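Visitor: I have just opened this one and would like a slow walk through it. Could you show me what we are looking at?

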Amino acid sequence: MSTYRLDLEYEGTRYHGWQVQKNARSVAGELRRAITGAGASIVELGGAGRTDAGVHALAQTAHLRLRRPVEPMAFRRAINDSLPPDIHVLSVMPAADGFHSRHDALARSYLYQISRRRTAHAKRHVWWVKRALNLPSMSSAAARLTGTHDFALFCEKPAEQTSTIVQVDSAEIAAAGALVLVRLTASHFLWKMVRRVVGMLVRVGSGELSHEEFAALLSGELPPGLQEGIARWTAPASGLFLARVIYPGEPPLAPVAPAIPTSEEGAPADGLYTGAASRSRGARRVPSVERP
């Protein structure tokens, strides 16, 4: 048996997430078909994160175990020839027999793109927010996210999770023209957690939610007016990208940058604003199921 590390990108609009499903089209399902079509016999295929329906990836990582070895470059070309145009394998590299894309990851980093103007070309890759946003206020709220918190209120079906405790390494807010970028890096993520965090940060930025109310949510308390829960403030999947999966010995994250840039025409006059809150990350091994 031979083990390989695959890194791939995909546009998730047409798919019901990463995970193979019986009655729905998935990224892993398309990848599995392409690998089989390339003549390989799959023993195991697994991803570092179970991205949800409509969520994209700039750099998803997967482990692939085959019954017989392959030549990586030729194999990658054969897979890409069989994949639809919205899925692309970036690299295929031999890996240690025990490599596991999910269990061996130190952290995952997700990027969310908010557009402050209507855009024809990037509609599938952003959430257009019409309300004016106070970015310093959003950054101040994001600073509260770093550290270890119980994100039960930010999770879909928390009772089904093994644990709702998540260690957040960094929470960054940046502006690039008409885009507001939110990047979260953590040990792992819960189902819809990133999208609900972004939804709450937008409410803070628009003045609909105070910093005290945001802090209460992080503490597990529902402020008055939010007793029905925060599910209805979940940001849409269109703006969310799995940006990177981080493994031991790899370089740190690059500065926050757009996944799919939009032109700066119509951008607010506040120019380029960046704010970040982070903590040091020690090596750890987190076998968490991830469905942000």
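Visitor: Let me start with the strands: over how many bridges do strand E8 and E9 pair, and in which sense?

Guide: Please keep in mind that this is a predicted model. In it, strand E8, which covers residues 165–176, pairs with E9 over eight bridges, and the sense of that pairing is antiparallel. As one example of residues facing each other, isoleucine 173 stands opposite valine 182 in E9.

Visitor: What happens at the hairpin of E8 and E9, between the strands?

Guide: There are two residues between the strands in that hairpin, and glycine 177 takes a positive phi there, near 65°.

Visitor: Which strand do eight bridges join to E9 in the antiparallel sense, apart from the hairpin partner?

Guide: That is E5, which runs antiparallel to E9 and is joined to it by eight bridges. Within this pairing, serine 109 has threonine 185 in E9 as its bridge partner.

Visitor: And how many residues of E9 are buried?

Guide: Strand E9 spans residues 179–186, and eight of its eight residues are buried, so it is mostly covered. The cover applies to both faces, with Leu179, Leu181, Arg183 and Thr185 buried on one side, and Val180, Val182, Leu184 and Ala186 buried on the other.

Visitor: Changing topic, how many aromatic pairs are there in the whole structure?

Guide: A search of the whole structure finds five aromatic pairs. One of them is formed by phenylalanine 99 and tyrosine 247, a tilted pair with 5.6 Å from centre to centre and 55° between the planes.

Visitor: Where do phenylalanine 99 and tyrosine 247 sit along the chain?

Guide: Phenylalanine 99 is in the loop between strand E4 (87–94) and strand E5 (107–115), while tyrosine 247 is in the loop between strand E10 (240–246) and strand E11 (274–278), and the pair thus links distant parts of the chain, 148 residues apart. Phenylalanine 99 and tyrosine 247 are both buried.

Visitor: What about tyrosine 112 and tryptophan 127, what kind of pair do they form?

Guide: Tyrosine 112 and tryptophan 127 form an edge-to-face pair, with 6.4 Å between the centres and 90° between the planes. Because tyrosine 112 lies in strand E5 and tryptophan 127 in strand E6 (residues 127–128), the pair ties together parts that are 15 residues apart in sequence.

Visitor: Is tyrosine 112 buried or exposed?

Guide: Tyrosine 112 counts as buried because its relative accessibility is 0%. Tryptophan 127 has 18% relative accessibility and also counts as buried, since the cut-off for that word is under 20%.

Visitor: Which charged end sits over the ring of tryptophan 233?

Guide: That is the charged end of arginine 203, which sits over the ring of tryptophan 233 at 3.8 Å from its centre.

Visitor: One more stop, then: which strand holds threonine 3?

Guide: Threonine 3 has its place in strand E1, residues 2–10, and at 4% relative accessibility threonine 3 counts as buried. Leaving aside residues up to four places away in sequence, threonine 3 touches several others, among them Leu64, Met93, Pro94 and Phe99.

Visitor: What does the side chain of threonine 3 make with the side chain of arginine 65?

Guide: The two side chains, of threonine 3 and arginine 65, make a polar contact at 3.2 Å. Threonine 3 and histidine 63 are 60 residues apart along the chain, yet their C-alpha atoms are separated by 7.0 Å.

Methods: Residues are numbered from 1 along each chain as its sequence is written. This is a predicted model: local features need pLDDT of at least 70, side-chain atom pairs count only at pLDDT 80 or more; totals for chains, interfaces and linings use all residues. Side-chain values use heavy atoms; hydrogens and water are left out. Rings of Phe, Tyr and Trp (its six-membered ring) pair if their centres lie within 6.5 Å; planes under 30 degrees apart count as stacked, over 60 as edge-to-face and the rest as tilted. Helices (H or I, at least four residues) and strands (E, at least two) are DSSP runs, numbered from the N terminus. Buried means under 20% relative accessible area, exposed over 50%, partly exposed in between (1.4 Å probe, protein chains only). A charge sits over a ring if NZ of Lys or CZ of Arg is within 6 Å of the ring centre and within 35 degrees of the ring normal. Two strands pair if DSSP finds at least two bridges between them. Contact means heavy atoms within 4.5 Å. A polar contact is a pair of N or O atoms within 3.5 Å; within protein, one must be able to donate a hydrogen and the other to accept it, and residues adjacent in sequence count only if both atoms are side-chain atoms.
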